[in-house]
2 protein chains.
Amino acid sequence: MLNSYSSADKVLLAVDCIIFGFDHQGLKILLIKRDFEPERGKWSLIGGFLKRDEILDNAAIRILNTYTGLHDIYMEQLHAYSEIDRDPVDRTISVSYYALINIENHNEELIKNYHAEWFSIADAPNLIFDHNEMVQHAIRRLRYRTSIKPIGFELLPEKFTMRQLLELYEAILSKELDKRNFISKINSLEILNKLDEKDMQSSRKGSYLYTFNKEKYEEKLLNDFVLNL
Amino acid sequence: MLNSYSSADKVLLAVDCIIFGFDHQGLKILLIKRDFEPERGKWSLIGGFLKRDEILDNAAIRILNTYTGLHDIYMEQLHAYSEIDRDPVDRTISVSYYALINIENHNEELIKNYHAEWFSIADAPNLIFDHNEMVQHAIRRLRYRTSIKPIGFELLPEKFTMRQLLELYEAILSKELDKRNFISKINSLEILNKLDEKDMQSSRKGSYLYTFNKEKYEEKLLNDFVLNL
DNA sequence: TTTAGTAAGTGTAAATTCAACATTAATAAA
DNA sequence: TTTATTAATGTTGAATTTACACTTACTAAA
């Protein structure tokens, strides 16, 4: 019968998180070296099981917090993966989430305890189960989202330079962008605050620092603007 | 422990399908009046439970087939819904899929047996559980997809007029489109075959019929073209 | 057979957006 | 004070998008 509630078909639900970070070397993801079975010693996404009294979004948040100590992070559900033998131990369906975090903010301590490490997208190791596929999927989605609305600010420190922002977008989209065109597009969105302060690390001249203006951004979002980079 | 496989937290996984169709009256969805508990007598999406030996995509296909008799239909996974009490009988996570079908092709018999009916998007009844939310979500996604690549052909009969195509897009995007601009954009994609045949229903003059050229379309898709309507 | 009516079919010009490109400005270090 | 280094800035041509209205082809009715 199509609509019977049968406990015979109950399954485990896992949540796996693709955690993106960004630094001078480009776009990175956070992976752990598993010190538990199955696949002990291999690399995987961070993940865990959904609890009976928990919704998926919260499970994702809990897992992210467990491994990084972070709160209030932008996460988005991606996809449910359900191949029969994707997990060799028990039938497990996994729902993936991706998160964008400022790589400077995570808790070093926790990362170390869990044998977690940041890897550049380009040279990440092979992952267990279908986690490679999840990562590819997440990268596609991130590119996509980025071309529609400017998420990605989550990946930068609070104050950032135009160059940092440009490099972030170049890393996400994995293509070069014209500096002048990029800056004028970003400026035309009017979602940044230009500070009086300069960052003197990068040059003699120094470059102005900006912050992200969340109110203006939220306002714009309602009108569904498109960022054509 | 974060990573233990505990059967205590196993849950039921449901699949719910948002089935879109299109006719002269606009965009429609297929709903059933439940003759089973819970919520007997109320309207809902068609759905069912994932079986232990089945992947989600196949469950969605199976469910669609059960209610419509159709095969080989474009379906896309949408989202996993996991509110604790979304289903009052047992903890159930539902993964939604949406499908586009040609409203003429479905099996009348089956539809009748299952008390299924087509409803215009605008005046669909209130649905059980979180199904209203699922529908809204699916409409957003459909609009979105449509603006990127021309799905939507699935919703038309094999031979169709430019006017029908235009009206389909207007229904999906729920805005008026300029006839001449629309036609020239569609033509520039070169994915239609213009037939010698005319449809004489709509006017004295008659309007040319077209078919969708699947090969050319697949070819184009590789280049990720954008349809800017 | 002529006429009237209806939707189909078609093109152009203005406005906007996009893409390409190079020079000057500010500063710290030598 | 000179030098070296990166930041900051604007313009022009090309491409795309939008707005817009008349003629054509045909059928049905007179």
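The paragraphs below go through a predicted model of protein chains A and B with DNA strands C and D, from the relation of the chains to the surfaces near the DNA.

The two protein chains can be taken together at the start. Chain A can be superposed on chain B with an RMSD of 0.2 Å, by a turn of 179° and a shift of 0.1 Å along the axis. This is the relation of a two-fold axis. The same surface serves both copies, since 100% of the contact residues of chain A recur in chain B.

In that contact, 30 residues of chain A meet 30 residues of chain B. On the side of chain A that touches chain B, at least two residues each come from strand S1 (12-23), strand S4 (46-49), helix H1 (56-68), strand S5 (75-81) and strand S6 (92-100) of chain A. S5(A) makes the largest contribution to this side, 3 residues. By class, the side of chain A that touches chain B has 16 nonpolar, 6 polar and 8 charged residues.

Within chain A, the domain assignment gives domain 1 (12-148) and domain 2 (156-222). Taken over C-alpha atoms, the centres of domain 1 and domain 2 of chain A are 27 Å apart. Their contact uses 8 residues from domain 1 of chain A and 7 residues from domain 2 of chain A. On the domain 1 side, the elements that give two or more residues are strand S2 (26-33) and helix H3 (131-148) of chain A. H3(A) gives the most to that side, with 3 residues. The side of domain 1 of chain A that touches domain 2 of chain A divides into 3 nonpolar, 3 polar and 2 charged residues.

A database record also covers part of this chain. In an unreviewed entry, UniProt lists residues 10-143 of chain A as "domain: Nudix hydrolase". Over residues 10-143, chain A is 24% helix and 35% strand, and the C-alpha atoms at the two ends lie 35 Å apart.

Further along chain A there is an open sheet of 3 strands in the order S8-S10-S9, with antiparallel pairing. Strand S8 (160-161) and strand S9 (192-199) of chain A are at the edges with a single partner strand each, so one side of each has no neighbour in the sheet. S8(A) and S10(A) run antiparallel and are joined by 2 bridges. Phe160(A) stands opposite Tyr210(A) of S10(A). S9(A) pairs with S10(A), also in the antiparallel sense, over 5 bridges. Here Tyr210(A) is the bridge partner, in S10(A), of Lys194(A). Tyr210(A) thus appears in both pairings, opposite Phe160(A) and as the partner of Lys194(A).

Chain B has an open sheet of 3 strands in the order S8-S10-S9, again with antiparallel pairing. Its edges are strand S8 (160-161) and strand S9 (192-199) of chain B, each with a single partner strand, so one side of each is left without a neighbour in the sheet. S9(B) and S10(B) run antiparallel and are joined by 5 bridges. In S10(B), Lys198(B) has Tyr208(B) as its bridge partner.

The DNA comes next. Around DNA strand C there are 19 residues, and the closest are Arg204(A), Lys205(A), Arg180(B), Ser203(B) and Arg204(B). Four elements each supply at least two residues of the surface near DNA strand C: helix H5 (179-189) of chain A, and helix H4 (162-173), helix H5 (179-189) and strand S10 (207-212) of chain B. H5(B) gives the most to this surface, with 3 residues. The surface near DNA strand C consists of 3 nonpolar, 7 polar and 9 charged residues.

DNA strand D also has 19 residues around it, and those that come nearest are Arg180(A), Ser203(A), Ser207(A), Arg204(B) and Lys205(B). For the surface near DNA strand D, at least two residues each are supplied by helix H4 (162-173), H5 and strand S10 (207-212) of chain A and by H5 of chain B. H5(A) has the largest share, 3 residues. By class, the surface near DNA strand D has 3 nonpolar, 7 polar and 9 charged residues.

Strand S10 therefore enters the picture twice in each chain, as a member of the S8-S10-S9 sheet in chain A and in chain B, and as a supplier of residues to the surface near DNA strand D from chain A and near DNA strand C from chain B.

Conventions:
Residues numbered from 1 in each chain as written. Chains lettered and ligands numbered in written order. Predicted model: local features only at pLDDT ≥ 70, side-chain atom pairs only at ≥ 80, totals over all residues. Near = placed C-beta within 6 Å. Nonpolar A, V, L, I, M, F, W, Y, C, P; charged D, E, K, R; others polar. UniProt positions renumbered as here; feature names shortened; annotations may be inferred. Pairing = 2+ DSSP bridges. Least-squares fit on C-alpha atoms with pLDDT ≥ 70 in both. Contact = placed C-beta atoms within 7 Å. Domains from an automatic or database assignment.
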